[in-house]
Amino acid sequence: MCSFITFNPPPPDGFVTVGEVNGEMISGRQDDPNMNKYTQSLNYPQVTIAKEMLKPTVCRNSAKSAFLEHTETLWKRVVHAWHEDGLSGVLEELARGKSEASPLVAKMACGLLASVRWASSLHGSLFPHLALSSEDMTAKFSTTLDWYNSSIRAFAWHPHTTKFAIALRDDSVKVYTMNVEIVPVLKHKLQKGVADLAWQPLSASVLAVACHSCVLIWHVDPTSLSTRLSTNSVQVLSQPGHVPVTSLAWCPSGQVLISASAADTAMMVWDVAMESCIPLRRVGGGGVSLLKWSPEGSKLFAATPSAVFRVWESQTWSCEKWAKLSGRCQAACWSPDGTTLLFATAEEPIVYSLRFSQTTGVSGDVIDGSRVAINTIDLSEVMLDGNPDKIRVGGLVQSMAWNHTGERLAVQFKSTGSCELVAVFRTKVQPVLEIMPCGFVRGEAGDYVHIINFQPKFNKGALLTVVWSSGRVSFVPFHFLPSISVAKKYMPQNLLDGNRERMLFTDLQYAKPESP
């Protein structure tokens, strides 16, 4: 098991990591002009979002008390309550509208509301997160450190082009493209509490935005000269009770979008073109907090707010469940071939691994994951010799990212003593998982890591994107020759094709999608 004991110490305060060259991590003083030579070939947009420029928005529920009583009719308020809060919202409106509704309807609403609240309190005792407000729930389950106060709350690379989107603290979304000065700004009245962003694969323009009450699908025309998109460029996908939306995942083919809410046990499988969905539900867990689709498209990882997560296969939508974890799953990532899942819980400084069979041909409906997770990386806090003082590294995990070749793994920390560092490991997936030290990434003095992400396509190795607490976005290149390129150049094709793992089969739990 890999640990920090074998790592070289991170750069001291005042030094900035600029990348990896010839197998060594390069860092220097942040005011040293010679450091630019390592990143001058990266002609990426320079992004810095000052927190003082942004004011957080509030959701409609938080703002209601600031206004006088509205004059809408009871039934119009009931319709609005159904779309925003589901059954409990409808019952509350009917119970409050005694003067407008018949006495029998109001009395029945009061009785049903009492029953619903009793059931909710019982459910809340099992799942305490359900008592949180929408903003607190989003902040708790976001992979962004300090989501509520962060200038940039979400980040997403386009899967095919050098383009990325960022969600800001004021709930606007900006889209940056390499060598393009125009920066489209996406705003909508329903775009509140943005928790996640996801570009549609095999599409140049479709961006999904996870909001408090819905999922917005923006169509960002890459040839447009406009910086402010109209509401004609957006679709609204909503489902009663499916709030707040905390995670999104497109299948690699781009045909299906799945949304999840930490307060809803059902994942919504969206047909975006038809604006319709089918819920996939499993009892237990209290909701779905995190989604990760495997790169080859055969499996979907779904974490819950409790010590349970599931892996679904995407043909018949059967699933396997892993329970009895030390805590809820905080972070997870897939290897490029979908055979290895790395995950970490919110309670242990350990990264675990699960192995899955490679699904090929007609056997794509088999999950076949190992039943026992293996301790793979020990992230316990240690003191490393620095210059001149010792430096504390390690702790609980906030998020993880694995590059598209499966050769660099980045780990972001939640612990206060290490949240200014990103730990990077060298990895190899086949024939067995190997993890070795690479080094640490440090930003400018006083900066803490808020988001990490690898660019999906980077032909010179791996490019790590780091969003810092100052609102600055940095790009850290790891220059190496991917092993697949070496193998294709020097190994005979019959050896490359012959190294296949034998498929195994296990008992599966089958879940039939429910009607909306």
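Two strands are taken to pair when DSSP finds at least two bridges between them. With that in hand, the predicted model can be followed sheet by sheet. Strands of a sheet pair through backbone hydrogen bonds, in either a parallel or an antiparallel sense.

A convenient place to start is an open sheet built from four strands, in which the order is 9-10-11-12 and the pairing is antiparallel. Its edges are formed by strand 9 (196–199) and strand 12 (234–237); each has a single partner strand, so one side of each is left without a neighbour in the sheet. From one strand to the next, the twist averages 20°. At one of these edges, strand 12 is joined to strand 11 (residues 215–219) by four bridges, the two strands running antiparallel. Readers who wish to find this pairing in the structure can look for Val-215, which stands opposite Leu-237 of strand 12.

Further along the chain, attention turns to strand 32 and its partners. Strand 32 spans residues 461–468, and eight of its eight residues are buried, so this strand is largely enclosed by the rest of the structure. Strand 31 (residues 449–454) runs antiparallel to strand 32, with five bridges between them. The connection from strand 31 to strand 32 is a hairpin of six residues. Within this pairing, Val-449 has Trp-468 of strand 32 as its bridge partner.

Strand 32 also pairs with strand 33 (residues 472–479), again in the antiparallel sense, and here seven bridges are found. Ala-462 and Phe-478 of strand 33 stand opposite each other. In the hairpin of strand 32 and strand 33, three residues lie between the strands, and Gly-471 adopts a positive phi near 90°.

The cysteines complete the picture. A disulfide is a covalent bond between the sulfur atoms of two cysteines. With a cut-off of 2.5 Å between the sulfur atoms, the model contains zero disulfides. Cys-329 serves as a helpful example: the closest cysteine sulfur to its own is that of Cys-333, at 9.8 Å, which is too far for a bond. As for its surroundings, Cys-329 is buried, its relative accessible area being 1%. Cys-438 is buried as well, with a relative accessible area of 12%; both values can be set against the limit for burial, under 20%.

Definitions and conventions. Residues numbered from 1 in each chain as written. Predicted model: local features only at pLDDT ≥ 70, side-chain atom pairs only at ≥ 80, totals over all residues. Heavy atoms only, no water. Buried < 20%, exposed > 50% of the residue type's maximum accessible area, 1.4 Å probe, protein only. Axes fitted to C-alpha atoms, helices over the stretch in contact; angles between N-to-C directions.
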